[in-house]
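Visitor: Could you take me through a single part of this model at close range, and then place it among its surroundings? I would rather have one connected account than a list.

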Amino acid sequence: MLIDFNIHGVSVFGAPLPFDSQLEKSFSNWLPDGMKNVAQTRQQEFIAGRYCAFQASKVVGYDLSQLPAAPTREPIWPEGILGSITHSKQMAISCVSVSDEISSIGIDAEELMKIGLAQEIERVIATEEELLMIAGADYQTDITILFSAKEALYKALFPLARTFIDFKEVKLIKLVSDKGLFELELKSSNPKLKGYLGRYEGSFKLIGETVVTVVSIPKVVSKELYVHS
Ligand SMILES: CC(C)(COP(=O)(O)OP(=O)(O)OC[C@H]1O[C@@H](n2cnc3c(N)ncnc32)[C@H](O)[C@@H]1OP(=O)(O)O)[C@@H](O)C(=O)NCCC(=O)NCCS
């Protein structure tokens, strides 16, 4: 199914998991040889992600025929298209873009965090300031958005910067729940991130019990990077 994120030049497509067995068969040639012995559920989510990438690409007019994975797991998109893949227990989703205004994009899906888990990990994934910002009636949703948004930014930046980013290096600075928008700020002393420091806008959607976030990196940011690196 198409998911309406209303982000200019970006299409988002999702498929329920467990994945349809007929479609899994049709897309089985997208599974790399190295994954033929991994658990069935992992093969299924991998193929479902590729199927979503194929469908999302079709929407923006691109006929995607293969999508290999790098040793560091990120998909290797062909020239002229970029995107990202995520899966939760319930669904696989991919977002893609052929826009020349975007240099990278990241998507993440997370099931709403149980209160117990949220309280256990909140100090690992958020600062005191962020926790104060999301304290309130929607804590469970908001902490899941915070976590997912940081993962989506990581997935967008990794193919460009090729470095690890700690949760505390990214801060949620704005959350506009009724508009499905958020803003993150990357601050880091990691030299590989020098060209990427600053603010990023993202969008989120709650689909059933799953939070889905998308963050795109505007091209100007990566142009600055190429000057610095
Ligand atoms: C890579 C990572 C983001 C994956 O997230 P996840 O919630 O475990 O899994 P998801 O289902 O959302 O995403 C998995 C998909 O992401 C993509 N992916 C994996 N590694 C990636 C990377 N380094 N960069 C971009 N995309 C990546 C792949 O398409 C993968 O699916 P596939 O293997 O079936 O193709 C996460 O495991 C990780 O390593 N995080 C590092 C730390 C971090 O997130 N910091 C956040 C602070 S900014």
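Guide: Gladly! Let us start from the rule for pairing: two strands pair if DSSP finds at least two bridges between them. With that rule, five strands form an open sheet, and its order is 5-9-8-7-6 with antiparallel pairing. Strand 5 (102–111) and strand 6 (170–176) are the edge strands, each pairing on one side only. From one strand to the next, the twist averages 25°.

Do keep in mind that this is a predicted model. The protein chain has an average pLDDT of 94, with 96% of the residues scoring at least 70. One stretch to treat with care is residues 225–229, where pLDDT stays under 50 and the model has six contacts beyond four places in sequence.

Look now at the edge formed by strand 5. Its link to strand 9 (residues 210–218) is made by nine bridges, and the two strands run antiparallel. One residue to pick out there is E111, whose bridge partner in strand 9 is T210. Helix 5 packs on the sheet: this helix touches strand 5, strand 6, strand 7 (181–186), strand 8 (198–207) and strand 9, and its direction makes about 145° with that of strand 5.

Helix 5 also leads us to the ligand, since seven residues of the shell around the ligand, the largest share, come from this helix. In total, 22 residues surround the ligand, and R73, E74, I85, T86 and F158 come nearest. Two or more residues of the shell come from each of helix 2 (40–59), strand 3 (82–87) and helix 5 (139–161). Sorted by class, the shell holds eleven nonpolar, seven charged and four polar residues. Both domain 1 (2–99) and domain 2 (107–228) give residues to this shell, so the ligand lies between them.

That brings us to the two domains themselves, whose C-alpha centres lie 22 Å apart. Their contact takes 16 residues from domain 1 and 16 residues from domain 2. On the side of domain 1 that touches domain 2, the elements giving two or more residues are strand 2 (10–16), strand 3 and strand 4 (91–97). Strand 4 gives the largest share of that side, four residues. The residues on this side of domain 1 divide into eight nonpolar, six polar and two charged. Strand 3 is thus worth a second look: it gives two or more residues to the shell around the ligand, and it also does so for the side of domain 1 that touches domain 2.

Methods: Residues are numbered from 1 along each chain as its sequence is written. This is a predicted model: local features need pLDDT of at least 70, side-chain atom pairs count only at pLDDT 80 or more; totals for chains, interfaces and linings use all residues. A residue is near a molecule or strand if its C-beta atom, placed from the backbone, lies within 6 Å of it. Ala, Val, Leu, Ile, Met, Phe, Trp, Tyr, Cys and Pro count as nonpolar, Asp, Glu, Lys and Arg as charged, and the others, Gly among them, as polar. Domain bounds come from an automatic or database domain assignment. pLDDT is the predictor's confidence in each residue, from 0 to 100. Two residues are in contact if their C-beta atoms, placed from the backbone, lie within 7 Å. Axes are lines fitted to C-alpha atoms, for helices over the stretch in contact, and angles run from 0 to 180 degrees between N-to-C directions.
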